[in-house]
Amino acid sequence: MRKLNRLSYPKCVFVDSNGNLFIADTENHRIQKWVPGATQGITVAGGNGQGSAADQLSYPSGVYVDGNGNIYIADRSNNRIQKWTPGATQGITVAGGNGAGSSANQLSWTHGVYVDLDGNLFVGDAGNHRIQKWMPGATHGVTVAGGNGYGSAADQLSSPKGIYVDSNENIFIADSGNNRIQKWTPGDSQGVTVAGGNGYGASSNQLSNPTGVSVDNNGNLFVADWLNNRIQKWTPGATEGITVAGGNGQGSAADQLNNPTGVYVDNNGNIFIADLFNHRIQKWSPGAIQGITVV
């Protein structure tokens, strides 16, 4: 039995309004819920071994929880989005699930997932270099960003991973292979670079394979800058970022990160980080010089 107080390569973290953490525990093929102050998690999706059955997941890489407690999972190696209702023992496929491919009813190598207030799903379809929008009950998705092949032009993406959608349906995309964050407004045929985009590197105006993005109430971007082992904050219109977590080399000390892949910022400005190779979730409060392991 896989232990409930351990994680194995967590790739994404989501925090609900009650402070509960939902973690894509990737190599345990499950989603774990940790209530505030808990010493172990509760498996709320998957956890029945790697597979494609309705009660299984295969390398989940993204998680989102709506206001009703429904859990949406980017079930990466199954090329689908699964929805698990509260207390369910199995999930329902709500996007993809028709094999890996680039048709409108297919996904390939899903990473990020976001659900808006109308129940529309936005999916980081990394293998197809596009973002897909699936409306409630739809049998196929619509490309709302990228989808013009692998590349670095303004109308292209390269292995997009984490995504965030604001109240105006602007999509912020961790365009990993292009070392940038792209913003796509509704209906646009191309994106605008709002962080990075200055080549692969560790300077303050650069990113290295960003994999996660979150946006706070003031429009500040928080980026999981994977290979730089740091979280970067980019204020609106900024031409460079500020390191707000990590950035002290690769490691497991309280002031270090080791390939962070997911980031979530709550309403109080606390930063929660899926610290992949340290198999932990770190919480950095505003202005902190080190993090606290909360899972």
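These notes cover one pocket and the aromatic pairs of a predicted model.

1. The second largest pocket has a volume of about 200 Å³. It is lined by 14 residues, and the closest to its centre are Val194, Leu221, Thr235, Pro236 and Gly237.

2. Strand S16, residues 192-196, gives the most to the lining of this second largest pocket, with 4 residues. By class, the lining holds 8 nonpolar, 5 polar and 1 charged residues.

3. Searching the whole structure gives 5 aromatic pairs. One of them joins Tyr9 and Phe277, with 5.8 Å centre to centre and 90 degrees between the planes, an edge-to-face arrangement. Tyr9 sits in the segment before strand S1 (10-15), and Phe277 in the loop between strand S22 (271-275) and strand S23 (280-284), so the pair ties together parts that are 268 residues apart in sequence. Tyr9 is partly exposed at 27% relative accessible area, and Phe277 is partly exposed at 37%.

4. The ring centres of Tyr64 and Tyr114 are 4.7 Å apart with the planes at 50 degrees, so this pair counts as tilted. Because Tyr64 belongs to strand S5 (residues 60-65) and Tyr114 to strand S9 (residues 110-115), the contact ties together parts that are 50 residues apart in sequence.

5. The relative accessible area of Tyr64 is 12%, so Tyr64 is buried. Tyr114 is buried too, with 14% relative accessibility.

6. Tyr64 and Tyr114 also belong to a cluster linked by ring pairs, together with Phe14, Tyr164 and Tyr264.

Definitions and conventions
Residues are numbered from 1 along each chain as its sequence is written. This is a predicted model: local features need pLDDT of at least 70, side-chain atom pairs count only at pLDDT 80 or more; totals for chains, interfaces and linings use all residues. Side-chain values use heavy atoms; hydrogens and water are left out. On a 1 Å grid over the protein atoms alone, a cavity is a set of points where a 1.4 Å probe fits but cannot get out, and a pocket is an open set with protein on both sides within 12 Å along at least five of seven lines; lining residues have an atom within 4 Å of a point. Grid points are joined across faces, edges and corners, and a volume is the space filled by probe spheres set on the points. Helices (H or I, at least four residues) and strands (E, at least two) are DSSP runs, numbered from the N terminus. Ala, Val, Leu, Ile, Met, Phe, Trp, Tyr, Cys and Pro count as nonpolar, Asp, Glu, Lys and Arg as charged, and the others, Gly among them, as polar. Rings of Phe, Tyr and Trp (its six-membered ring) pair if their centres lie within 6.5 Å; planes under 30 degrees apart count as stacked, over 60 as edge-to-face and the rest as tilted. Buried means under 20% relative accessible area, exposed over 50%, partly exposed in between (1.4 Å probe, protein chains only).
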